[in-house]
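Work through the exercises below with the sequence and the 3D structure in view. Try each task before reading its solution.

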Amino acid sequence: MSILNADITHILINDLLSSNGGAPSVLLTLASTTRSFRESCLPYLFSEVRWPHKFKADEESGLDFFPEGLWPYIRHFRLEWFDEWTEPTRLKWGTMDKDGNYVPRDLAKFNSAIAKMPKLSKVTLSCPFVIPQSLFQSLGLSRSLSAITFIDTPLQIGITSISPVTFKQISLTPVGQTLRIGDGPTDPRFSDITYFIRDWRRKYRSQASWRQVQETQASITFVKPHAAHITHLELSGSLCSFGALSRIDWPCLKIFALTGNAPVTQPYELPAHVQLFNVLARMDALRDLRLLFAQSKAQEFHVLGRNDPPDPAHTAKLATLTDFAISNACKLDGILNHMSSLQRLAILAIVDLPRWPIALGQAEVDHVLKDVTASGCELKHLRIIIEDKLTPNVCWSITSNCPHLQTLEIERCGYHDGKSVSSWQEFLEALSPLSGLRDLRICMQFPEYDDVDEFESWRTVRKDCAKTLAIDLKLLGKVGFEYRKRAGTHRYQDAWLDFEISRRKGGAVELYQLPAMWYPFPEVWEPSRLSF
């Protein structure tokens with residue numbers, strides 16, 4: 001009976017998590033009911049944790065750490081140090097060395113706990129200081145660790161001390177890489193000027209030229225010993241050397257993402273696109289390539305170069321990819337028509353904050369779709385950000401060129417409500433040829449309503465439209481509509497209002513609103529619950 005109860009509890013908890021987008025609040029309520037439920041909920045509540053906590057500390061014992069009884073449940077540990085603690089005038093939980101660099105206290109608490117976290121599989125480091133070598137050495141002794149992420153953290157050659165652990169997933173993002181994807185949610189820190197003027201970050205920028213050389217070397221030196229086992233690699237162009245990467249074999253790598261600024265090549269080097277394909281040629285298992293560079297005033301990144309026709313070896317490599325994500329910082333013409341195996345495609349608009357990106361116009365969308373048709377692939381998943389107002393004609397173009405779509409997301413960069421010149425029925429007719437469509441997100445325009453309207457008319461009209469689409473698109477399981485969300489006193493951003501569709505006997509349709517979901521960059525295929 002106890003086994004059956006455990007099975008039922010497991011099903012209950014998973015159902016609660018899935019229906020609430022992974023929100024822990026509902027589990028906290030369940031855990032407070034009985035001791036049995038508490039013990040069942042602990043592995044879920046503490047599978048991903050963040051430390052340190054701003055208000056859990058005292059001067060005598062320092063920063064409070066998690067009780068040892070919780071360590072066996074931790075799978076993902078996020079070491080996220082607060083920027084303001086490093087300010088010379090507000091120094092907390094650390095000291096300044098003779099060179100004026102912040103040295104944290106209490107990291108030893110995490111160091112000593114790592115060996116007693118048997119399920120620890122991922123560590124994320126976001127720290128406004130150089131990570132002490134002692135922490136790297138402790139991480140290297142973990143028997144379960146397989147993924148590591150560096151965000152906004154200075155990198156030095158000491159990073160190579162993480163051994164003998166073998167990583168399958170590595171993500172490296174440099175200090176100060178702040179990207180805007182479309183006009184969607186951004187980390188609230190980036191909207192605060194203090195983020196950019198912190199003393200340690202200004203000092204880092206003043207040393208940018210030699211630091212980039214040092215960090216690029218450290219990144220390659222760190223990644224190289226794990227190359228034989230890595231399946232997922234995310235690198236910023238600022239930390240990337242195509243020449244160095246092309247001298248390494250990557251036999252197991254399936255997902256390769258390049259972010260931030262496109263790598264800079266010197267006049268004496270081979271062109272960037274040639275170097276890129278020299279790297280890809282060493283990745284026999286690669287199926288998912290993401291070129292998520294930020295737009296800049298410099299020239300576009302030419303994936304296949306300017307030669308016509310392109311190198312057959314390069315086009316042959318493109319033909320092996322099943323998943324491809326690209327930003328419009330890259331030249332799009334003449335790429336997709338070579339991708340005969342493509343199943344998932346994402347075309348995004350990305351730029352460095354505080355600028356706003358410019359997405360694809362309708363003519364550019366038409367060119368892209370024609371290239372997809374020319375490739376002969378059976379595209380199943382399309383996510384695209386557009387600049388212009390969505391019309392049924394754009395939907396017709398998508399359905400005629402990509403008739404096998406099961407997932408479709410059309411996002412407008414800088415959405416706004418207003419008087420639509422097209423009816424719901426016109427959009428429905430344009431989408432109806434997609435007989436296998438299961439997930440739909442669409443930036444249809446709706447009448448403009450006051451966002452503080454107590455009747456929430458903006459939400460009601462979208463729910464009514466969702467029901468109309470659900471009735472006619474028989475396989476549709478989820479549907480979402482873009483809207484403009486207030487993100488501050490004078491700021492707005494794009495967001496999605498999503499509904500799950502439940503179909504009853506007799507054809508009745510019921511809708512359930514889902515939690516707010518977006519894509520944690522550089523993820524491009526599966527949205528998840530927003531963490532801010």
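**Exercise 1. Charges**

How far apart are the mean positions of the positive and negative charges of the protein?

Solution. Start with the kind of model: the structure is predicted. Next, take the charges: the protein has 59 positive and 60 negative ones. Their mean positions are 4 Å apart.

**Exercise 2. Overall form**

State how many helices and strands the protein has, and decide whether the chain is as compact as a globular protein of its length.

Solution. Step one is the secondary structure, which consists of 15 helices and 24 strands. Step two is the radius of gyration, which is 25 Å, while the globule rule gives 24 Å for 532 residues. The two values are close, so the protein is as compact as a globular protein of that length. Step three is the box: along the principal axes, the C-alpha atoms fill roughly 70 × 65 × 50 Å.

**Exercise 3. Inside and surface**

Find what share of the residues is buried, and describe the surface and the contacts.

Solution. Buried residues make up 50% of the 532 in the protein. The accessible surface is about 25,200 Å², and carbon and sulfur atoms hold 53% of that area. For the contacts, consider those with a separation of 6 or more: 67% of them join residues 24 or more positions apart.

**Exercise 4. A network of salt bridges**

Trace the salt bridges that involve glutamate 80, and say which parts of the chain the pair with arginine 50 ties together.

Solution. Begin with the principle. Side chains of opposite charge can pair when their charged atoms come close. A salt bridge here requires a nitrogen-to-oxygen distance within 4 Å. Between arginine 50 and glutamate 80 the closest N and O atoms are 2.9 Å apart, which is a salt bridge. Arginine 50 belongs to strand β1 (residues 48-51) and glutamate 80 to strand β4 (residues 76-80), so this pair ties together parts 30 residues apart in sequence. Glutamate 80 also forms a salt bridge with arginine 78, at 2.7 Å from N to O.

Now compare accessibility. Glutamate 80 has a relative accessible area of 17% and is buried. Arginine 50, at 27%, is partly exposed, and arginine 78, at 23%, is partly exposed as well. Finally, put the residues together: Glu48, Arg50, Arg78 and Glu80 are linked in a network of salt bridges. The count for the protein comes to 23 salt bridges.

**Exercise 5. Another charged pair**

Are arginine 180 and aspartate 183 buried or exposed?

Solution. First identify the pair: arginine 180 and aspartate 183 form a salt bridge, with 3.5 Å between the closest N and O atoms. Then check the cover: both residues are buried.

**Exercise 6. One helix and its neighbours**

List the buried residues of helix α5, and name the elements that they pack against.

Solution. Helix α5 covers residues 133-140, and its buried residues are Leu135, Phe136, Ser138, Leu139 and Gly140. These buried residues pack against β4, α4 (107-114), β7 (122-126) and β8 (147-150).

**Exercise 7. Three residues in their surroundings**

For tyrosine 204, isoleucine 350 and leucine 270, give the location, the accessibility and some contacts.

Solution.

- Tyrosine 204 sits in helix α7 (residues 199-206). Its relative accessible area is 10%, and it is buried. Beyond neighbours within four places in sequence, tyrosine 204 contacts Pro154, Val175, Arg211 and Glu215. Its C-alpha atom is 9.9 Å from that of proline 128, a residue 76 places away along the chain.
- Isoleucine 350 lies in strand β16 (residues 350-352). With a relative accessible area of 0%, isoleucine 350 is buried. Residues up to four places away in sequence aside, isoleucine 350 touches several others, including Leu179, Arg180, Phe293 and Phe521.
- Leucine 270 is in the loop between β12 (255-260) and α10 (272-280). Its relative accessibility is 49%, and the residue counts as partly exposed; the exposed class begins over 50%. Setting aside neighbours within four places in sequence, leucine 270 contacts Thr265, Gln275 and Asn278. Glycine 243 is 27 residues from leucine 270 in sequence, with 9.0 Å between their C-alpha atoms.

Key:
Residues are numbered from 1 along each chain as its sequence is written. This is a predicted model: local features need pLDDT of at least 70, side-chain atom pairs count only at pLDDT 80 or more; totals for chains, interfaces and linings use all residues. Side-chain values use heavy atoms; hydrogens and water are left out. Helices (H or I, at least four residues) and strands (E, at least two) are DSSP runs, numbered from the N terminus. The radius of gyration is taken over C-alpha atoms; the globule rule is 2.2 Å times the number of residues to the power 0.38. Buried means under 20% relative accessible area, exposed over 50%, partly exposed in between (1.4 Å probe, protein chains only). Contact means heavy atoms within 4.5 Å. Accessible areas come from the Shrake-Rupley method with a 1.4 Å probe; for residues, only the protein chains shown count as cover. Lys and Arg count as positive and Asp and Glu as negative; His and the chain ends are not counted. The place of a charge is taken as NZ of Lys, CZ of Arg, CG of Asp or CD of Glu. A salt bridge is a side-chain nitrogen of Lys or Arg within 4 Å of a carboxyl oxygen of Asp or Glu.
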